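Here are my notes for going through this one with you. Have the picture open while you read.

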Amino acid sequence: LGLMSGTSMDGVDASIINSDGNRDYSIKLNKYFEYGDELRQKLINIRSKIFMVDHLKAYSNEIKDLEREITLFHANSVNEILDTSKIEVDLLGFHGHTIFHDSKKKITKQLGDGKLLSQLTKKMVVYDFRQNDLKNGGQGAPLAPIFHNAMANKFLKKELNESCSVNILNIGGISNITQTVKWDELSIPYQTIKACDIAPGNCLIDEWVRKNSKNKYDNDGELASIGKTDDLILNQALENFNIDSYYEESLDTNDFDISFAKGLSLENGASTLTDFTATQITKALVYFRGSSENTIWLVCGGGRKNKYLMKSITSQVAEVFKKMIILPVEKFGIDGDFVESQAFGYLAIRSILNLPISFPTTTKCKEPTTGGILVKNF
């Protein structure tokens with residue numbers, strides 16, 4: 001059972017999958033558990049306080065209390081699933097909630113007590129997935145690419161057998177991409193699969209909406225669609241922030257800020273920030289389109305629901321590269337809301353089988369590296 005609490009800070013996605021840890025997997029159940037307003041606000045508050053390593057120590061008591069609360073929420077969610085679904089679950093893949101990530105300093109912090117979760121659910125737990133990668137010279141992210149590759153092979157056999165490059169674009173808080181390959185070509189040392197963080201995703205838009213309204217996010221991109229982008233501010237922001245150099249680095253939401261939109265109305269700020277995000281994503285899609293004549297990008301993550309963002313991306317891409325197809329993963333029968341939670345169930349299985357979950361061409365680790373900490377505390 002994979003558990004994912006993402007940068008939107010709205011709740012926990014949970015997925016039960018069955019897999020051999022390689023190319024074969026099947027989905028048994030997907031379920032979403034929404035945080036209450038109080039818990040969600042605590043997550044927003046702690047994220048707003050932690051910008052450097054020293055802050056982890058300065059707010060250690062608050063972090064400890066919130067970690068327990070987050071773990072209890074996950075435990076209650078797991079136990080509800082186990083009680084109602086009657087599906088036999090062997091282990092839990094527990095991502096936790098990221099409150100700090102600095103790939104340069106090799107430090108990351110995900111809220112989540114694996115030992116407590118194991119005790120409360122009476123299940124084996126794999127958690128703290130990023131530490132082994134960091135110790136092996138990696139950046140700790142992105143971790144989903146090996147699952148993206150399994151997903152592409154499962155649902156896109158026809159396209160993968162043709163001269164077509166199939167890539168995954170995940171628009172979460174941060175946007176990342178995976179260039180997939182046919183599973184038969186995914187040989188050790190896994191030098192063919194490629195992935196990286198590429199741009200902001202929902203983080204700027206969500207923060208703007210939260211700080212300037214009572215809403216949690218721009219639903220369907222409605223605010224941006226009725227606003228007017230300030231081209232002067234947008235172009236200045238694009239000049240000041242050249243993201244190309246960041247393709248080699250793992251990104252965190254703290255790498256970006258909304259200050260350049262200060263003074264704009266709610267709608268105009270949403271439109272300007274969304275176009276900024278779309279432009280950065282578009283630059284990466286063109287850059288990483290691969291050597292194939294045709295490229296398909298499958299989009300997952302919450303950002304695919306932002307109609308204004310997706311329209312901006314597709315229209316910008318069409319101006320520079322005519323043979324690039326951008327589609328939501330739902331077009332191939334995949335539920336884009338649960339790709340990440342399914343991924344961490346899959347990564348937990350790979351971890352207990354001692355199979356690598358990160359690779360030199362995905363996180364820049366020195367060699368293929370297996371997963372997190374396995375705990376059985378019952």
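1. Let's start with a three-residue strand: three bridges join S7 to strand S13 (residues 373–375), and the two run antiparallel. Strands and helices here are DSSP runs numbered from the N terminus, with at least two residues (E) for a strand and at least four (H or I) for a helix. Two strands pair if DSSP finds at least two bridges between them. One example to look up: Tyr-127 has Ile-373 of S13 as its bridge partner.

2. Before you go on, this is a predicted model, so local features need pLDDT of at least 70 and side-chain atom pairs count only at pLDDT 80 or more, while totals for chains, interfaces and linings use all residues. Residues are numbered from 1 along each chain as its sequence is written, and side-chain values use heavy atoms, leaving out hydrogens and water.

3. S7 (residues 124–127) also pairs with strand S4 (residues 91–94), this time parallel, through four bridges. There, Gly-93 is matched with Val-126 of S7.

4. Now find the open sheet of five strands, ordered S10-S9-S8-S11-S12 with mixed pairing. Strand S10 (194–200) and strand S12 (324–328) are at the edges with a single partner strand each, so one side of each has no neighbour in the sheet. S12 runs parallel to strand S11 (residues 294–300), joined by five bridges, and Ile-296 pairs with Ile-325 of S12.

5. What lies across strand S8 (164–171), S11 and S12? Helix H12 (residues 307–320) does, running at about 170 degrees to S12. Axes are lines fitted to C-alpha atoms, for helices over the stretch in contact, and angles between N-to-C directions run from 0 to 180 degrees. Contact means heavy atoms within 4.5 Å.

6. Helix H8 (residues 203–212) packs against helix H11 (residues 266–287) at about 170 degrees, with axes 9 Å apart. H8 and H11 are therefore roughly antiparallel (angles over 145 degrees count as that, under 35 as roughly parallel, 65 to 115 as roughly perpendicular and the rest as oblique). Residues making the contact include Trp-208 of H8 and Phe-276 of H11.

7. Last, the axes of helix H1 (residues 37–49) and helix H3 (residues 60–85) come within 11 Å and cross at roughly 140 degrees. That makes H1 oblique to H3. Among the residues in this contact are Leu-43 of H1 and Phe-73 of H3.
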